[in-house]
Amino acid sequence: MSTRYPFTAVVGMDDLRLALLLNAVSPAVGGVLVRGEKGTAKSTAVRALAALLPEVSVVAGCRFSCDPAAPDPQCPDGPHEAGTASSRPARMVELPVGASEDRLVGALDIERALAEGVKAFEPGLLASAHRGILYVDEVNLLHDHLIDLLLDAAAMGSSYVEREGVSVRHAARFLLVGTMNPEEGELRPQLLDRFGLTVEVAASREPEQRVEVVRRRLAYDDDPAAFAARWAGEEAALRERIVAARTLLPAVTLGDAALRQIAAICAAFEVDGMRADIVMARTATALAAWAGRTDVTSDDVRQAALLALPHRRRRNPFDAPGLDEDKLDETLEEFGGGSGDDPEPEPDGPDGPDGPDGPDGGGGGGGGGGVPPQGGEPEGPAGRETPEQAPAEASGEPEPAPAPGAGRGERAPVKAAEPFRTKVLSVPGLGEGASGRRSRARTEHGRTTGAVRPRGALTKLHLAATVRAAAPHQRARGRSGPGLVVRRDDLRQATREGREGNLVLFAVDASGSMAARQRMGAVKGAVLSLLLDAYQRRDKVGLVTFRGSAADVALPPTSSVDAAAARLELLPTGGRTPLAAGLLKAHDVLRVERLRDPSRRPLLVVVTDGRATGGPEPLALAARAAGLHAAEGTASVVIDCETGPVRLGLAGELARNLGGTAVTLDELRADSIAGLVKDVQAIRRAA
């Protein structure tokens with residue numbers, strides 16, 4: 001077994017270490033979600049925690065780690081006899097992103113259940129993690145239904161597996177830790193709320209701390225065993241402190257004053273539901289026990305708020321987690337006095353003993369991995385050609401001022417209009433992509449549409465089809481009792497139809513013809529609305545912009561809708577309209593993505609007024625570029641941004657060349673009176 005990096009050797013990251021230790025003291029806190037950039041030792045810190053947990057006493061031979069002092073009466077391996085206890089280290093179980101439902105919750109042998117009437121159950125990762133740690137790296141990339149199962153088990157302390165009326169239940173109490181890089185996509189707010197605490201981590205910007213990170217990592221890589229031995233004393237001391245805090249926890253008193261402060265803080269920050277109040281109460285109690293006290297102070301309540309509330313403050317997917325600390329202090333002062341009124345002295349540092357050879361803790365986000373982030377946001381290209389000003393002047397709309405330092409013809413970014421609920425745009429046909437909420441697809445979850453012979457292990461039994469397949473052979477098989485004689489060849493797998501997520505690629509016209517302030521604000525509002533819809537439907541998104549003389553990939557396909565919204569906000573306008581270049585760039589992006597993820601079907605959304613300028617025969621070039629998408633069957637929608645009393649209808653012509661449909665900004669709204677078709681398939685039928 002490889003030697004893990006010691007927990008006490010992690011440099012900085014005080015908030016992360018505190019949150020992990022509080023959950024080790026009181027698993028009822030509800031787990032930790034660690035958000036941060038790549039290379040910040042998120043995984044290292046979580047894996048190191050397992051070595052600090054005390055050993056657990058288990059019933060010998062029990063696959064579900066029952067406690068000998070209080071065995072689970074419904075344990076599938078029970079009932080257990082007395083005197084069969086053994087001890088083992090607490091486990092840390094990792095859930096891979098690509099895990100199946102059966103791997104997570106366990107698999108039930110349906111064939112034996114039908115033929116023999118026995119519950120042959122193979123435990124999953126939830127059973128292995130019972131009374132230990134369940135760690136999910138890149139939890140934001142896990143399928144939604146798996147996250148739901150995981151969080152349900154964490155909340156209830158048990159897992160249920162049901163297959164066609166045959167069910168198994170077992171205990172599943174564990175410390176849940178998830179890590180994620182927000183650049184790769186966010187979790188839904190409902191799932192964020194299910195994590196007790198959330199911590200933001202970032203690499204330190206202090207040179208001395210970064211030096212210490214590298215020094216310790218190189219020493220560990222050279223000789224892991226010797227490095228761990230150097231920190232053995234600190235690890236043992238921290239382990240003893242965890243045991244002492246666990247012992248003290250039942251004696252901690254949460255007074256009415258502290259409860260009023262907790263309730264007032266949650267109300268002041270307009271947190272939805274009551275889960276935040278409960279988590280704050282449990283966290284404040286664990287903080288008191290960790291500090292060796294039996295009374296909860298205002299300092300405990302304040303620290304609990306900083307860990308439990310930031311991720312519950314998000315009101316829409318584009319809001320960054322955070323908490324106004326001045327407002328927090330004002331609320332604490334108003335309801336019970338500030339931390340200075342507390343009789344107790346400040347507790348010792350929450351992260352355990354500091355290391356002997358380096359700094360330990362410069363704020364809440366030190367970098368344990370020492371990998372700095374890559375550069376800043378790329379700037380949009382400066383326009384070099386004279387913009388088309390005629391459409392804006394004809395409409396009488398005011399022109400935005402040029403951006404400071406911008407190239408000739410470039411205008412400052414315009415703020416997006418308020419987003420709205422959009423009509424549903426979907427890809428025609430039946431796909432087989434990742435689970436989502438946009439287009440029809442064959443999925444593991446959804447309504448049953450038929451039955452087939454299983455390929456490999458049976459996962460979803462079609463009971464009626466199985467009975468029909470076995471019934472004609474009962475006499476030949478010598479059936480004599482009430483049970484059905486079922487063979488492997490009789491089993492039928494249910495086929496199901498649900499929804500998939502798609503790749504929604506936006507090609508946005510940022511030329512001078514779109515530069516009028518009111519029009520571009522409306523266009524950005526429409527794209528922002530579609531991004532919000534893509535977030536809710538679990539799509540990947542990409543952004544191509546075209547202006548001046550070329551097109552650029554402003555954002556390669558990603559699961560992070562937040563990143564797309566940020567790039568859209570900073571999008572400048574100006575220059576000519578290279579429509580063909582934009583369509584060709586979108587074609588290149590989709591070609592690469594088909595190779596990377598062939599099962600994810602694309603939806604191309606072109607946002608333009610249909611004008612094309614620059615070069616010889618720009619409209620003919622655009623028509624030929626659109627034909628490439630039509631030839632490959634790419635589902636397309638053109639958002640027609642043309643305004644004014646005189647309209648050329650060029651966006652509609654572009655949609656016909658793409659083999660898609662054109663939608664005006666007004667028709668895009670879900671509450672529009674216009675009877676717009678809701679998906680691209682309708683236009684295909686008409687054609």
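**Exercise 1. State what share of the contacts in the protein chain with a separation of 6 or more is made by residues 24 or more positions apart, and add the overall burial and surface figures.**

Step 1. In the protein chain, 80% of the contacts with a separation of 6 or more join residues that are 24 or more positions apart. The model is a predicted one.

Step 2. The chain has 687 residues, and 50% of them count as buried.

Step 3. Its accessible surface is about 30500 Å². Carbon and sulfur atoms hold 51% of that area.

Step 4. The secondary structure consists of 23 helices and 20 strands.

**Exercise 2. Decide whether Asp-67 and Arg-131 form a salt bridge, and find which parts of the chain the pair ties together.**

Step 1. The cut-off is 4 Å between a side-chain nitrogen of Lys or Arg and a carboxyl oxygen of Asp or Glu. For Asp-67 and Arg-131 the N to O distance is 3.9 Å, and the pair is a salt bridge.

Step 2. Asp-67 sits in the loop between β2 (56-59) and β3 (85-88), while Arg-131 sits in the loop between α5 (125-128) and β7 (133-137). The pair therefore ties together parts 64 residues apart in sequence.

Step 3. Asp-67 has a relative accessible area of 27% and is partly exposed. Arg-131, at 23%, is also partly exposed.

Step 4. By the same rule, the total is 31 salt bridges.

**Exercise 3. Work out how Arg-216 and Glu-212 are placed in helix α8, and whether they are buried or exposed.**

Step 1. The closest N and O atoms of Arg-216 and Glu-212 are 2.8 Å apart, and the two residues form a salt bridge.

Step 2. Both belong to helix α8 (residues 207-222); they are 4 residues apart, so about one helical turn separates them.

Step 3. Arg-216 and Glu-212 are both buried.

**Exercise 4. Classify the partners of the salt bridge between Asp-300 and Arg-293 as buried or exposed, then name a salt-bridge network.**

Step 1. The side chains of Asp-300 and Arg-293 meet at 2.9 Å, N to O.

Step 2. Buried means under 20% relative accessible area. Asp-300, with 3%, is buried, and Arg-293, with 8%, is buried as well.

Step 3. Elsewhere, Arg-438, Asp-533, Arg-537 and Asp-539 are joined into one network by salt bridges that share partners.

**Exercise 5. Identify the residues that gather with Glu-330 in a patch of negative charge, and describe the setting of Glu-330.**

Step 1. The surface patch consists of Asp-324, Asp-326, Glu-330 and Glu-334.

Step 2. Glu-330 lies in helix α14 (residues 325-334).

Step 3. The relative accessible area of Glu-330 is 55%. Exposed means over 50%, so Glu-330 counts as exposed.

Conventions. Residues numbered from 1 in each chain as written. Predicted model: local features only at pLDDT ≥ 70, side-chain atom pairs only at ≥ 80, totals over all residues. Heavy atoms only, no water. Patch = residues over 30% accessible without salt bridge, like charges linked within 9 Å, V, L, I, M, F, W, Y side chains within 5 Å. Areas by Shrake-Rupley, 256 points an atom, 1.4 Å probe, with all protein chains shown as cover. Lys, Arg positive; Asp, Glu negative; His and termini not counted. Charge placed at Lys NZ, Arg CZ, Asp CG, Glu CD. Helix = DSSP H or I, 4+ residues; strand = E, 2+ residues; numbered from the N terminus. Buried < 20%, exposed > 50% of the residue type's maximum accessible area, 1.4 Å probe, protein only. Contact = heavy atoms within 4.5 Å.
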